[in-house]
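Work through the exercises below with the sequence and the model side by side. Try each task before you read its solution.

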Amino acid sequence: MDLQTLSNLFATTFNPNPNVRKAAELEIRKVGRQEGMIAALIQIISADTVDLATRQACAVYLKNRVSTSYFIDPARSTPDQTPIPQSDRDALKASILPILAASPSRSITLQLSVTLKGIVSHDYPEKWPGLLDDVKKLLGSGDLHHVGAGCVAALEMVKAFRFRQDNIVLPQIVEQIFPTLVTIATGLLSNPPPGASQEAVPTMLHLILKTYKNSIVLHLSKHQQSPESIVPWGRVLFQVVNLQIPKEAVPEDEEERERCEWWKAKKWAYGILGRLFHRFGNPSQMPTTMKTDYEAFATHFVDSFAPEIFKIYLHQIELFVGGQSWLSQKCQYQIFSFLTECIKPKSTWKLLKPHFETLISSFVFPQLSFNSTKQQLWETDPVDYVRRSVDEYENFDTPVSAATSFLFSLAGNRTKIAFMPILTFINNVLGSNQPAPQRFGALNMTAALGTFIMKHPDVKVNMEQFLIRHVLPEFGSPEPYMRAIACEVLATVEKAGIQWSNEETLNHHFQAVAAALDDQELPVRVHAALALTEMITSHDSVRKAVAPQVGKVIQDLLKLSDETDLDVLNPSMETMVESFQDELTPVAAQLTARLCESYLRLVREAMSKDDSSTRGNDLESFIESDGDDDKIFAAMGVAKTIGTIVSAVDSSPEILSQVQEVIIPIIVFTLESKQLDLFDNVYDLVDSMTFKLRAISPNMWHVFELTYKLFKSEAVDFLDEMLPSLDNFVSYGTDVFKSRAEYRVMVLDIYTTSITSSQLGENDRVNGCKLAESVLLNLRGCVDDSLHVFINTALDHLDKAETVALRLANLEVLINAVLYNPSASLHLMEVYRAGSSRVFFDKWFEAINAENRLPRVHDKKLTILALCALMEMDPAGIPDVLRDGWPGIVAATLKTFKELPQAVESRKALEEAFQDDDDDEDIINDEELFNLAEEEEDVYDEDTAYMELLAKEGARLREKSNKLANGDDASESSEDSELEEELGYISAIDNVDPYASFKQALTTFQMKNAPIYQAATTSLDVEQQTQLMEIMRLADTQEASA
């Protein structure tokens, strides 16, 4: 196809007629795989005679083609992927830098830069050795367009390697290019090139600083640690931070100013200084695994650079607070983050300590007060206002969030010095008749510090009077935001466990919250609902007062949920359901129906949003996207609330059955529409309903069929989520399985796929083994025609498992087969491969006789019952290879019985400990919350310990990965640790009495096979004989008491 025709074809993709546009797209798809297509696109993008929109369309196509087809992973390839021919690859690499230098628009530059990164990540340096020299030539050319292209290329090279561990390529790029970049940046700041456009200088600065920031995501190279690098870069960073940008150089509108190139450059400068200190320059908080590489640099940085950064930031704050300069939101966030980092190290705390009270009053307090920005958001988007004020994860990178974190860190890490002055400031504001916006700020600080306040022994006793004096009156404030913050403060102290001195005071606050539920302003109603939830949880008197009107409260919550889609309201709904089960049981089906309507609406809206999304599917797009999954998160919350209703009505099977029929359609919809993000939630519902009812309703079988289809297609790696439901289908739908051969084939296929699929890991194989066990235990006599498949699959993988869990799970498939039909199973083993039964027995008896190889109660009971089944076998069915060892079955059974009581006790202890953990999960240790040390030393808290843990785990995983890559043995004793009891696992043999089973089996053994019985019992030593008599006594006792 000639260039003009191809150019016209891409131009047609903008045609308003959808049919014409679709025809053009189909034609492009048809010719897109032809050799020479990429070279032709390059020519069109380079041609000044072609209109800009067409060139941009070609650039977008080029980016997508490189993204999907420059490198194709054989394990993940799809039929529509065709590799880019080598001639086109060569043409692309030869042309992309010149095209970048001549790019006519920012949008085309963006497409080309992503294309370049895709090529670099796969071809550099081995298949594109000249790239670095070409980029250096661009940077040193002196031509502004060429230098700009060099900056873009440098950024994309760094981004291509920034997340790679043990990376030798990135340090080489840094050492070769960064000296030139810092020279360019210095020149741009001191002597801007003549003739440069207004945007050119800040754009290049932005690119250069962004390149540096991306280079220090994981590592700081030796070159970057050297004085030859850190000094000039530090000088540039300080210069950019201190830069006073003329008003005429930036937009008047603040939102546009945030996005302009000058403030992007400043944002990256602040970000680099913060990253250098946080990860590489803070020796007191540095994980031990990093100290070998960075301790010397960190010591130098914290002594020489950190004080200068602090001084500069303090100056910027003074200018901002004094109204002499403006600071973008991102820059304020970076300043707060740095100040927070300065609290725990002793050396930087000494710098901060004299200024913290001023910073609280002049920099933190205005962030938390009610201002024009909050007012505008309240009026234009009250839902977003609530989301920002309630959801701590919604906007973690804002100045408000960072200011709150600064407060937390001061209160928790420097309690002796900082906590009381902060509270004094709050009380002074509230006690001096300040205007409402300032009172809001003080109460907002109180809500933020509520947990600290309620845990401090000298402060919590005064909190009731504080509420009476400063909070309760605000419920009647004419300013709606004051009513909202009053609810928030009350909710915080209720959650922290305030003890009211009398019921009358509690009732006054309850009445105020109840009235706020009917407030005209949506944010007030939401905060009132959250406050009421905490009061119901904490006080019986509030629960009793709400009970008569719980229907109205539930309706209010449902309405709020539908209006806002806020997932923070879902716990409130769950609390209502749990707290008022008796009142809500009669209307459970109707309430569930309302929630299902909300769920379907949320999922459909999320699907609609996905269909209209144009976000790229590469990692870069994911990182830089907003990740706005509010609808899905809200749907997850609704599903959890529905699950709470299921649990609440489980004592009434009739109502639970009605509720189930209401829920099944949303489960089917989720599965049919392949909403993978919600599979965990819907399978929790399926598991809960089928388990609590101990039955499978006719409509629920469609869910089973869908589960199988999904497992065989898009959801093959969701077996962990599916397994409990599949187990319930087998356990409680046995009659249907017995009558439906195709269902039996499905579960068999799931098992074999889980064991043999290259897409699945060892945990999935363990789950497959558990499903096989469920089938063999629950469908006795119904899977005879498939028994050989279970046996052959398990025998094939006896020696392939790498983890203890899979080795035991796979072995227990064979043990279950023996329990299912011992004679047939041993015969099938020998048919599969002569001597296989002996191999299996050797591994089984090795596990029986070894220390803790059958650790759980279920493991021991299963082995005992399978050995009992062997004792009852007809002697003619015993394979020759096993006859000599057959008398050892009794001794093996006794050995397992000997360990069973201890396993039962361990399980009981674990159940009790689990219950204790549930009871204590909300208890916060005061000692962990505060640092009450008199000496102002370095602070090591939970965050420090957690970072240390993460660093060590990362180092361990990297070491293991390196061993695997080098073909070494990467097995670790820590991963072969003892298997713990699975408290939620319920088996068909749980109610089987092993003592009675053994007594019966031993009697049958004596009758059917007297000579071997004689050999088995006479070979027992005195201890074993005593144990045998004790087991028989226990069997008689339990039989008599039955």
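A residue is buried under 20% relative accessible area, exposed over 50%, and partly exposed in between (1.4 Å probe, protein chains only). This is a predicted model: local features need pLDDT of at least 70, side-chain atom pairs count only at pLDDT 80 or more, and totals for chains, interfaces and linings use all residues. Residues are numbered from 1 along each chain as its sequence is written, and side-chain values use heavy atoms, with hydrogens and water left out.

**Exercise 1. Describe the whole chain.**

Find how many helices and strands the protein chain has, and what share of its residues is buried.

Solution.
- Step 1. Helices (H or I, at least four residues) and strands (E, at least two) are DSSP runs, numbered from the N terminus.
- Step 2. The count gives 54 helices and 0 strands.
- Step 3. The chain has 1042 residues, and 52% of them are buried.
- Step 4. Along the principal axes, the C-alpha atoms fill a box of roughly 105 × 85 × 65 Å.

**Exercise 2. Follow glutamate 899.**

Classify glutamate 899 by its accessibility, then find its salt-bridge partners.

Solution.
- Step 1. Side chains of opposite charge can pair when their charged atoms come close. Here a salt bridge is a side-chain nitrogen of Lys or Arg within 4 Å of a carboxyl oxygen of Asp or Glu.
- Step 2. Glutamate 899 has a relative accessible area of 24%, so it is partly exposed.
- Step 3. One partner is lysine 860, at 3.1 Å from N to O. Lysine 860 sits in helix H47 (residues 857–871) and glutamate 899 in helix H49 (residues 888–920), so this pair ties together parts that are 39 residues apart in sequence.
- Step 4. Lysine 860 is buried, because its relative accessible area is 4%.
- Step 5. Lysine 895 also pairs with glutamate 899, with the closest N and O atoms 2.5 Å apart. Both residues lie in helix H49, 4 residues apart, about one turn of the helix.
- Step 6. Lysine 895 is partly exposed, because its relative accessibility is 24%.

**Exercise 3. Place another salt bridge.**

Which helices hold lysine 93 and aspartate 123?

Solution.
- Step 1. The search of the whole structure finds 42 salt bridges.
- Step 2. Lysine 93 and aspartate 123 form one of them, at 2.9 Å from N to O.
- Step 3. Lysine 93 is in helix H5 (residues 86–101) and aspartate 123 is in helix H6 (residues 106–123), so the pair links parts that are 30 residues apart in sequence.
- Step 4. Both lysine 93 and aspartate 123 are buried.

**Exercise 4. Check the cysteines.**

How many disulfides does the count give?

Solution.
- Step 1. A disulfide is a covalent bond between the sulfur atoms of two cysteines. The test used is a pair of cysteine sulfur atoms within 2.5 Å.
- Step 2. The count comes to 0 disulfides.
- Step 3. Take cysteine 151: the nearest cysteine sulfur, that of cysteine 260, is 18 Å away.
- Step 4. Cysteine 151 is buried, because its relative accessible area is 1%. Cysteine 58 is buried too, with a relative accessible area of 0%.

**Exercise 5. Find the unusual backbone.**

Which peptide bond is cis, and what is the phi of asparagine 433 and of asparagine 852?

Solution.
- Step 1. Most residues other than glycine have a negative phi, and most peptide bonds are trans.
- Step 2. The bond from tyrosine 124 to proline 125 is cis, with omega near 0°. Proline 125 lies in the loop between H6 and helix H7 (131–139).
- Step 3. Asparagine 433 is not a glycine, yet has a positive phi of about 55°. Its loop runs between helix H22 (415–431) and helix H23 (436–448). Asparagine 433 is exposed, because its relative accessible area is 72%.
- Step 4. Asparagine 852 has a positive phi of about 65° and is not a glycine either. It is in the loop between helix H46 (836–849) and H47. Asparagine 852 is partly exposed, because its relative accessible area is 33%.

**Exercise 6. Look inside a helix.**

Is valine 730 buried or exposed?

Solution.
- Step 1. Valine 730 is in helix H39 (residues 719–732).
- Step 2. Its relative accessibility is 0%, so valine 730 counts as buried.
- Step 3. Leucine 779 is 49 residues from valine 730 along the chain, and their C-alpha atoms are separated by 7.9 Å.
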